[in-house]
Amino acid sequence: MRHPITALALAAGLFVPATAALAAAPVAVYQFNSTLSSSVGGAPSLVALDPLGRGGFVTDTVNGGAATVYTFGGTNQPTTSQGGLTLDVSSLLAGHYDDYSVEIVFKFTERDGAWRRILDVQNRQSDNGFYVDPSNRLDIYPVASGETFTNNVYHDVFLVNSKGSATFYLDGGQATTVQTPVMNVDANGVMNFFIDNVVAGGQGEYSSGSVALIR
């Protein structure tokens, strides 16, 4: 059974003020049907970071059915060899850099039992962010961890960041809520998916994988 709050939030979509998430329509939806464009008009496209040429669209099994996904690939070191996705969210958030929600359906395929970055909102300048940790749990570092994540399986991960409070879910399970500004998007207005920081400590916390949905 999907957690009821998660079910409502997922229906609402992404990149909307979290206080309105149960009522608002998604402002950007990326379904990876052989494109990095949003199915919601007016939203910017995702941009692929693919320094080793390993990214691309493939067919995979997601939740029991065939779907087109985007595969991202690279190596954890050097950090410049990591592949993932970036998105300019400045127009989507309209100044609400501390108030948004995002859903990501994806899998990691490497580094079981090690740090793996899910989402960076500090322009790759900080080790702080949203990860899978060495205990294989979702983790907003350095604050708190949540439910167990398994490699090579597509998971539905949902994050709500609301004015100093961050709540995250895995596959509609138990919510983990922490009081932290860690997931506030910085003034650059960019979200980086799956790629790790290039300065500061803890570099190279990266895994290749595939993504089926971002919204």
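## A buried aspartate

Let's start at D156, which sits in strand β10 (residues 155-162); strands here are DSSP runs of E with at least two residues, numbered from the N terminus. D156 counts as buried because its relative accessibility is 13%, and buried means under 20% relative accessible area with a 1.4 Å probe and protein chains only. Its C-alpha atom is separated by 4.5 Å from that of V105, although D156 and V105 are 51 residues apart along the chain.

A word on the source: this is a predicted model, where local features need pLDDT of at least 70 and side-chain atom pairs count only at pLDDT 80 or more, while totals for chains, interfaces and linings use all residues. Residues are numbered from 1 along each chain as its sequence is written, and side-chain values use heavy atoms, leaving out hydrogens and water.

## The nonpolar cores

V105 turns up again in a separate second core of 7 residues, which also includes V29, V69 and A212. A nonpolar core is a set of buried Ala, Val, Leu, Ile, Met, Phe, Trp, Tyr and Cys residues joined through side-chain atoms within 4.5 Å.

The largest core has 43 residues, and L85, L119, F130, L159, F193, V211 and I214 touch the most other members. Strand β5 (residues 99-108) is the top contributor to this largest core, giving 5 residues.

## The open sheet

Follow the order β1-β4-β13-β6-β7-β8-β9 and you trace an open, antiparallel sheet of 7 strands; two strands pair if DSSP finds at least two bridges between them. β1 (47-49) and β9 (144-148) are at the edges with a single partner strand each, so one side of each has no neighbour in the sheet.

At the β1 edge, 3 bridges join β1 to the antiparallel strand β4 (residues 84-88). Here A48 has L85 as its bridge partner in β4, and L85 is also among the best-connected members of the largest core.

Notes. Helices (H or I, at least four residues) and strands (E, at least two) are DSSP runs, numbered from the N terminus. Buried means under 20% relative accessible area, exposed over 50%, partly exposed in between (1.4 Å probe, protein chains only).
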